[in-house]
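Thanks for sharing this one. Here are my notes, set out as numbered points so that you can follow along on the model.

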Amino acid sequence: MTYPGTILKAFQLFAKKELGQNFLADPNMAKHIVAVARISSDDVVLEIGPGLGALTVHLAEKAKKIYAVEKDHRLIQHLKNELAAADVSNVEVLNQDIFRFNIDTVASPENKLVVLGNLPYNISSQVLFKLVENRSYVSRAVLMFQKELAERICAPPGSRTYGRLSAVMQYCSTVKILTGVSSSLFFPKPDVESTVIEVDFFDRQEISYDKEVFLFKVIKAAFSKRRKTLKNSLTGEELAISRENVEKGLNEANIDPSRRAETLTVDEFKMLCEALYPLRAAFKDNS
Ligand SMILES: C[S@@+](CC[C@H](N)C(=O)[O-])C[C@H]1O[C@@H](n2cnc3c(N)ncnc32)[C@H](O)[C@@H]1O
């Protein structure tokens, strides 16, 4: 692997901040991340943002096939050169924005992908929501995030950092922290520390698609005013449910209306969703 700073300098490229371009510059850490990701020779991997190939070359040694989706066209030829130099032939480089990429073109519910990526910090949550939506095509994901975000995703109910993303992710997957990555291992060096987590999606889809959309709205509304009690945070425009019905739903779900969102387990959110679903006046999808 060529040191990222060397490639950037030689071709008079600059790292784009808006694309979160902090390249991993330590081959040992790249190997370690691929090792803790437990990639096997049966795995087809979707790598989001391969950049200059720091992870890709090591992934290629383990995986059956890799689709490497990179938005920045300036990097594509350099990435291909790095892969050729490492004698890699099982990587398909796709110059695309991950948000315009249709996962179902490279996977099916019978042939699910493993997703891996050192993600730009500014699109981390959006990528997670895209994966949740597409989880019938994704068995698990190994993703590098800003340390604080990774901790939030894995936080248990009742903790200070438990929030919307924790509840949504823990509803549909098992999440766990795999390893920390020091900011000194990147070029350019970011201001924050990083953490790699694993998201292991459940096979089962417990509730219907419509109810799941509603569940995510309930979670969003509950956390949008996290200091308020549930009877207050759930009443309003977002869910189109009257205060009277919110209280009725909370009672039916056996949840004290004066509790706050951060104390609710995922199972309690599910029970609340079941109780509120028939009580919504006019359910519109305006998420
Ligand atoms: C933090 S860098 C990681 C690069 C490389 N994986 C590494 O570890 O060195 C993030 C990469 O994601 C790419 N990227 C940013 N936004 C993207 C998007 N919407 N779709 C695909 N790639 C994107 C950036 O150009 C950059 O190469």
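1. Let me start with a proline. Proline 188 sits in the loop that runs between strand 8 (186–187) and strand 9 (194–201). The peptide bond leading into this residue from phenylalanine 187 is cis, with omega near -15°. Please keep in mind throughout that this is a predicted model.

2. The same proline turns up again beside an annotated position. The unreviewed UniProt entry places the feature "binding site" at Asn22, Leu24, Gly49, Glu70, Asp97 and Asn118. Asparagine 22 belongs to the loop between helix 1 (4–10) and strand 1 (23–24). Leaving aside neighbours within four places in sequence, asparagine 22 is in contact with Phe186, Pro188 and Pro190. Is asparagine 22 buried or exposed? It counts as buried, because 23 C-beta neighbours lie inside 10 Å, and the cut-off for buried is 20 or more.

3. Leucine 24, another position in that UniProt feature, is part of strand 1. With 22 other C-beta atoms within 10 Å, leucine 24 is buried. Which residues does leucine 24 contact, leaving aside its neighbours within four places in sequence? They are Met29, Ala30, Ala54, Leu55, Asn118, Leu185 and Phe186. Of these contacts, Asn118 is itself listed under "binding site" in the UniProt record, and Phe186 is also a contact of asparagine 22.

4. Glycine 53 is worth a look too. You will find glycine 53 in the loop between strand 2 (44–48) and helix 3 (56–62). Glycine 53 is buried, with 32 other C-beta atoms within 10 Å. Not counting residues up to four places away in sequence, glycine 53 touches Met1, Leu79, Glu82 and Leu83. Valine 266 lies 213 residues from glycine 53 along the chain, and their C-alpha atoms are separated by 37 Å.

5. On domain annotation, the unreviewed UniProt entry lists residues 29–203 as "domain: Ribosomal RNA adenine methylase transferase N-terminal". In the model, the chain over residues 29–203 is 31% helix and 29% strand. The C-alpha atoms at the two ends of residues 29–203 are 31 Å apart.

6. Now to helix packing, beginning with helix 5 (residues 124–133) and helix 7 (residues 164–172). Their axes come within 11 Å and cross at roughly 25°. That angle makes helix 5 roughly parallel to helix 7, since angles under 35 degrees count as roughly parallel. The crossing of these two helices is left-handed. Helix 5 contributes Ser125, Leu128 and Val132 to the contact, and helix 7 contributes Leu165, Val168, Met169 and Cys172. By type, the residues of this contact are six nonpolar, one polar and no charged.

7. Helix 7 also packs on helix 8, at an angle of about 155° and with the axes 9 Å apart. The two are therefore roughly antiparallel to each other, and helix 7 passes helix 8 in a right-handed crossing. On the helix 7 side the contact is made by Arg164, Ala167 and Val168, and on the helix 8 side by Phe216, Ile219, Lys220 and Phe223. These residues divide into five nonpolar, no polar and two charged. Val168 appears here as well as in the contact with helix 5.

8. What is the angle between helix 8 (residues 209–224) and helix 11 (residues 266–276)? Their axes cross at roughly 110° and come within 9 Å. That makes helix 8 roughly perpendicular to helix 11, and the crossing is right-handed. Lys211, Phe214, Leu215, Val218 and Ile219 in helix 8 meet Phe269, Lys270, Leu272, Cys273 and Leu276 in helix 11. The tally for this contact is eight nonpolar, no polar and two charged.

9. Finally, a few loop residues to check. Glutamine 12, in the loop between helix 1 and strand 1, has a positive phi near 50° although it is not a glycine. Glutamine 12 is exposed, with 6 other C-beta atoms within 10 Å. Arginine 38, in the loop between helix 2 (27–36) and strand 2, likewise has phi near 50°, but arginine 38 is partly exposed, with 13 other C-beta atoms within 10 Å. Serine 258, in the loop between helix 10 (243–252) and helix 11, is exposed, with 10 other C-beta atoms within 10 Å.

Technical notes: Residues are numbered from 1 along each chain as its sequence is written. This is a predicted model: local features need pLDDT of at least 70, side-chain atom pairs count only at pLDDT 80 or more; totals for chains, interfaces and linings use all residues. Axes are lines fitted to C-alpha atoms, for helices over the stretch in contact, and angles run from 0 to 180 degrees between N-to-C directions. Helices (H or I, at least four residues) and strands (E, at least two) are DSSP runs, numbered from the N terminus. Angles under 35 degrees count as roughly parallel, over 145 as roughly antiparallel, 65 to 115 as roughly perpendicular and the rest as oblique. A crossing is left-handed if the near helix is turned anticlockwise from the far one by less than a right angle, and right-handed if clockwise. Two residues are in contact if their C-beta atoms, placed from the backbone, lie within 7 Å. Ala, Val, Leu, Ile, Met, Phe, Trp, Tyr, Cys and Pro count as nonpolar, Asp, Glu, Lys and Arg as charged, and the others, Gly among them, as polar. UniProt positions are given in the numbering used here, feature names are shortened, and annotations may be inferred rather than shown by experiment. A residue is buried if 20 or more other C-beta atoms lie within 10 Å of its own, exposed if 12 or fewer, and partly exposed in between; C-beta atoms are placed from the backbone.
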